[in-house]
Amino acid sequence: MSDDRTNPETSRRDLLKVGAAAVAAGTLAPGITLIAPAQARNPADPASAKQRWGLLIDATKCVEGCTKCVTACNEEMGLPDHGRDATDPQYIRVVTVRDPETSHSKQLPVMCQHCENPPCVDVCPTTASFKRADGIVLVDRHRCIGCRYCMMACPYKARSFAHEVATEQKPHNPRGKGCVESCTLCAHRVDAGRDPACVETCPTGAMLFGDLNDPNSAISRKVKDVSTATIRGDLGTKPGVRYIGL
Amino acid sequence: MAAHSKSRIVYRALDAKSSGYWGLIAAFGLMALIGGGAAYTMEHAGHWITGMNNHVVWGTPHVFAVFLIVAASGALNVASVSSVFGKDMYKPLARLSGLLALALLAGGLAALLLDLGRPDRLLVTMTNINPTSIFSWNVILYSGFFAIVAGYLWTMMDRRGSGYYMPAALGAFVWRLILTTGTGSIFGFLVAREAYDAAIMAPLFIAMSLAFGQAVFMLVVLAAYTWADRPLGDVVLTRLQRLTGIMVAATAYFLAVQHITGIYAAEHRAYEAWLLAGGSVYTSIFWLLGVGIGIVVPLVLLLHPQMGGNRVAIVGASIAVQIGGLAHIYVIIIGGQAFPLVLFPGMEVSSARFDGVVAPYAPTLPEVLLGIGGVGVALLLLTIAVGALRFLPESLADEVVDPDHVPAAKDAAPKDGADASHEAVPAPAE
Amino acid sequence: MPATSTSGTPGNRGLRVLLAALAVTVLALVAGAGTGFAADVPFPMVPKAAAGTQCVEDPGFMRTNHMKLLTHQRDDTVRKGIRTTQHSLQGCIDCHAVNDAAGKAVSHQSSEHFCVACHEYAAVQPDCFQCHTSLPSGQSGGQAAR
């Protein structure tokens, strides 16, 4: 090695090699990060307000009669089916909307809208209903006393109450009797750099997940290009879930 | 008049050795126990055994609980009127008024808190407070109510406390108004629901509290004095009767304003049409029980000139107000939730989860028993207290309550003629 | 009060008998404990963790502090999204899983479960498993996300 260092020809060649590599890396790297999927956050880091997770759902691509997102969510989150429609939990449901004036009918999935001004967080007496720094609205079931006031306050009927003893919970979705629960935007997947289960399952690609705060993300670029709306936007809750064709 | 009327009132605990008294304790105790059993069953199996679900999340226990809590605030009115508003005639009843307020609140909270999904975590409401949540505020207001009214009672019952009487009275009065406003705001603050989202719910609840609370109060006074065989004159009873009638009228006023405004506003019209004319069970409950029995009947029985002092009328009106009160709270809480949440205004919506349709709800036995259990707790506490301590005046005969009272011209002797100390009637006062 | 006789008033007599009975009971218990009665006192059979693994903390520390770790870590994870594996509850369960004769992990319904074995002895009921699965990842309702 010492011989090479004393030889000016070799050291200049090394410098050129290193320099070329550095320039190549510097040119290509931004492009690679653009194409790469959402990066998993370092587990030791807390969620950051630099991100605001959101969904973009294209109702025009939602197929009539399809409920694959609902099935995927129930499976992912370990939600039971007791055959009791009124009390069984649901994090996501498919709603059919028909305009009585024109007879036009469409359907779209509705889940927790992960609002910027969540009414459920305002009314919770124990701060169990809270908004994580990255915009995901969650129920801290260590603190929830099961008063159901958040369920009264939610304009989207997004929340469910666990009406019976829970068994066979998934490790990533602890749930139990007496607490309120709702869509977590698959926070456990998001933190690991993956898409929510419903988004991953949708056969027509009607659902898109991403960081609304990142102007280069696919979702941000799409909502800038295409007209989107939120459900009950007049209420001022500022949902993180936007719809095309609402 | 203030000085000598106060010194002549003798308070005596109810005879706690009579079989009637122990019968009441047993009956109310049994009600409370059954309510506790219902709560245990609901907590053990989970709420699926009740009629409450993901769409109507608050049911019959909450109806009873809110009724009791609202009545508790109003029951304090007699004490407030006697102190803050200086009507000495009501002073003998001030102690019972404070006690009834505490008992009703305790019963209401018992029903409410035992229905929580996780009642074992109640303390979390004290350790984690959310300043934007009216529920959190209510935790402070309800706990504070116990403390303030207990202190108020102390200033009335213990000579050492009499110096603090007026500040305590004023504090209790103000606190009670804030508390009832807070209870009404539980619903008034909910923007998403068509039935709520109205600032008028706060004053509506205040009017309801005065009507319900005084109705319960009159019933308790009549029951206690009749069963304990103590003299009860007509003067204070008639005044209470009229006052309660006015409160029922005030409730009717606020209800009318709320619903007429709702009909006027296109945004709320669908809900009003469904409730007032939709033909559902809620329509019947509102008109027959809420308005008919709860407002029209009491107005006649309480305010009609010929009903003054008629004890049957008073008992009937009290019961009618309470039935009507429960009906109104039922319509507000359950009707307000049953009406479908509007996600897409103007659209017809359907889903596998009751979107676009009136949500199903029917009261079930555990819920009703829990609600009744709350009533039992309230009455049990009341009965124990009046038998143990000096809450009830020995006599509420007219001369005792109002020494300047002139009996009706044709009567030579006082109406009840019991052991009232008879003073020579002075020249007509005022 | 009149001067007491040797046997005392009826109320006093009852109280003295009660106190005497209490004293005898306590003495008997203490004596019994001292004479090797302690040998019959059950001791928790704490199951061993997975072979070849090292706990994230020293056992003595864990015995005293695992509850504090849990109550602190859960806020970090739920409210802040910090998901380090060192103090992850599922991590503990995965390592401390106890298998029954058939080789399947036992749940908290069984007295052989790691947490239950000690908690049953200590008569302290944790409510973790009302919500959390007590089975290791892969044998519970499904795979852990990571």
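In the predicted model, strand S2 (residues 92-98) of chain A pairs with strand S3 (residues 105-111) of chain A in the antiparallel sense, over 7 bridges. Within this pairing, A:Val97 of the one strand has A:Lys106 in S3(A) as its bridge partner. The two strands form a hairpin, with 6 residues between S2(A) and S3(A). In the turn, A:Ser103 has a positive phi of about 65 degrees.

Strand S2(A) also takes part in a pairing across chains. Strand S1 (residues 348-351) of chain B pairs with S2(A) in the antiparallel sense, here over 4 bridges. In this pairing the bridge partner of A:Arg98 is B:Glu348 in S1(B). S2(A) thus has both S3(A) and S1(B) as antiparallel partners. Residues 348-351 of S1(B) fall within domain 1 of chain B, for which the domain assignment gives the bounds 21-396. Domain 2 of chain B is assigned to 397-430. Taken over C-alpha atoms, the centres of domain 1 and domain 2 of chain B are separated by 36 Å.

A further sheet in chain A is open and is formed by 3 strands in the order S8-S1-S9, with mixed pairing. Strand S8 (207-211) and strand S9 (241-244) of chain A are its edge strands, each pairing on one side only. On average, neighbouring strands of this sheet are turned by 20 degrees against each other, direction ignored. Strand S1 (residues 53-58) of chain A pairs with S8(A) in the antiparallel sense over 5 bridges, and A:Leu56 has A:Leu208 in S8(A) as its bridge partner. Helix H8 (residues 218-225) of chain A packs on the sheet and touches S1, S8 and S9 of chain A. The direction of helix H8 makes about 110 degrees with that of S8(A).

Overall, chain A has 8 helices and 9 strands. Of its 246 residues, 47% are buried. Among the contacts in chain A with a separation of 6 or more, 60% are accounted for by residues 24 or more positions apart.

Chain A also touches chain C: 26 residues of chain A are in contact with 21 residues of chain C. Helix H6 (residues 187-190) of chain A gives the most to the chain A side of this interface, with 3 residues. By class, the side of chain A that touches chain C has 11 nonpolar, 6 polar and 9 charged residues.

Definitions and conventions:
Residues are numbered from 1 along each chain as its sequence is written. Chains are lettered from A and ligands numbered from 1 in the order in which they are written. This is a predicted model: local features need pLDDT of at least 70, side-chain atom pairs count only at pLDDT 80 or more; totals for chains, interfaces and linings use all residues. A residue is buried if 20 or more other C-beta atoms lie within 10 Å of its own, exposed if 12 or fewer, and partly exposed in between; C-beta atoms are placed from the backbone. Two residues are in contact if their C-beta atoms, placed from the backbone, lie within 7 Å. Ala, Val, Leu, Ile, Met, Phe, Trp, Tyr, Cys and Pro count as nonpolar, Asp, Glu, Lys and Arg as charged, and the others, Gly among them, as polar. Two strands pair if DSSP finds at least two bridges between them. Axes are lines fitted to C-alpha atoms, for helices over the stretch in contact, and angles run from 0 to 180 degrees between N-to-C directions. Domain bounds come from an automatic or database domain assignment.
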